[in-house]
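Visitor: Could you take me through one part of this structure in close detail? I would like to see how a single helix sits within the whole chain.

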Amino acid sequence: MRHLMSPLDFTVEELDKLLDLANDIEAHPDKYAHACDGKKLATLFYEPSTRTRLSHEAAMLNLGGSILGFSSADSSSAAKGESVSDTIRMVSCYADICAMRHPKEGAPMVACRHSSIPVINAGDGGHQHPTQTLTDLLTIRSLKGRLGNLTIGLCGDLKFGRTVHSLIHALVRYENVRFVLISPEELRLPSYIRKDVLDKNNIPYKEVINLEEAMPELDLLYMTRVQKERFFNEEDYVRMKDFYILDAAKMSLAKEDMLVLHPLPRVNEISVEVDKDPRAAYFKQVQYGVYVRMALILTLLEIEV
Amino acid sequence: MENNTLNVSSISEGFVLDHIQAGKSMDIYHYLRLDKLDCCVAIIKNARSNKMGKKDIMKIECPIDIIDLDILGFIDHNITINIIQNDKVVEKKRLELPKEITNVIKCKNPRCITSIEQELEHVFVLTDPEKEVYRCKYCEEKYDRKNH
């Protein structure tokens, strides 16, 4: 039995297979409409997350399965002090697979050690969010046709943004990838990722503060939100939150086939006028998130169609 | 002439831990949970050493299968372990970094699940043998020797 804890749990070959399956689901949704008849997905969300929970639930419903679960710790037995390991033992009796989001890092790892059903890490604090990375990879591969030979701009909060960290880990496994790291000085990519991941794999990268300057060379721009909850004081947050605003003027500097991705929700960092631009791929990304989670559920349940 | 030699009698079965960094023997005493064992332990602090200047030595008299010494590799892999049986050194053990250590060090990441679920084992995994990096199995926080 397999679980998904980190985006690197899959080898490049396994990942290719998963993304192929997701693309087949996209092309032939009817073929998969009853693949999970009689199966149940439990969504154990100890903290609210509209998109990730709904995306997992939509994925299971699209496959003909059913869903059950809770959407905050207050409405679960965690409020009574039940441990993650006890909860997962109980849920293993009710469902065939589960997706867990927890504010504490490593909680899904605890769950998978006591679970008799596959556990999907749907985000654990600032640690991992592997299904977002799978979503990003599927979006890039589907819309660019490749995961290698890309110049990728990562913009915004590169210090605390776990989606950015996971994406870097995943993309360095492909050939001829280079990064342009666009952030204010205070939100630079942590040195352990620069040294242990980029330098170690001889991945070319440069760090810049100015977004306009970076735009012309990018094949892909991955925008992130500056998250209020990561700051200890309001003043720093206010200073940082509108540091980057992607608008039509900046888009005019970009290649015609550049893509803009964002893990969402966005606040001010992408102006709504960009939504109309065909290069804005962040809402398509949401749709790919459902396909990749469908492929993931089928893979972890070992269901072949 | 004044006699500066301290005599600690030999042991018939157990371990002699030599080349312990001076002053670290009490840490090892606790890591090995020797306080929980009903056995004879001699701790020699600041013994003279040609190689190290000064060093600590420990003699532990006990059946050789009741202590897990792998953890010493994590604490200091320069320690020499002499295994004694029938009054003789039967093996000199070289220490290696253990791949996984359980309940020896604690994860100090306040965001780690171990910070709220007290009954969980604290497991650290060796992720970079070259740099001797251990990470929490759950949250992957790096264990920082300097701050512990």
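Guide: Happily! This is a predicted model, and a look at the whole chain helps before we zoom in. For 305 residues, a compact globule would have a radius of gyration near 19 Å, and chain A agrees because its own value is 19 Å. Along the principal axes, its C-alpha atoms fill a box of roughly 55 × 45 × 40 Å. The secondary structure of chain A comprises 11 helices and 9 strands, and 45% of its residues count as buried. Among contacts with a separation of 6 or more, 77% join residues 24 or more positions apart.

Now to the helix: let's take α3 of chain A, which spans residues 84–94. Its buried residues are A:Val84, A:Thr87, A:Ile88 and A:Val91. Viewed down the helix axis, they fall within an arc of 95°, so they line one face of α3(A). The face turned away from that buried side carries the exposed residues A:Met90 and A:Cys93. Over the buried residues lie, among others, β1 (40–45), β3 (97–102) and α4 (107–114) of chain A.

For a companion view, pick a single residue in another helix: A:Ala59 belongs to α2 of chain A, residues 50–62. A:Ala59 counts as buried because it has 26 C-beta neighbours inside 10 Å, where 20 or more is the cut-off. Leaving aside residues up to four places away in sequence, A:Ala59 touches A:Val290, A:Arg293, A:Met294 and A:Ile297. The C-alpha atoms of A:Ala59 and A:Thr299 are separated by 13 Å, with their positions 240 residues apart along the chain.

How values were computed: Residues are numbered from 1 along each chain as its sequence is written. Chains are lettered from A and ligands numbered from 1 in the order in which they are written. This is a predicted model: local features need pLDDT of at least 70, side-chain atom pairs count only at pLDDT 80 or more; totals for chains, interfaces and linings use all residues. Helices (H or I, at least four residues) and strands (E, at least two) are DSSP runs, numbered from the N terminus. A residue is buried if 20 or more other C-beta atoms lie within 10 Å of its own, exposed if 12 or fewer, and partly exposed in between; C-beta atoms are placed from the backbone. Two residues are in contact if their C-beta atoms, placed from the backbone, lie within 7 Å. The radius of gyration is taken over C-alpha atoms; the globule rule is 2.2 Å times the number of residues to the power 0.38. The arc is that of the directions from the helix axis to the C-beta atoms.
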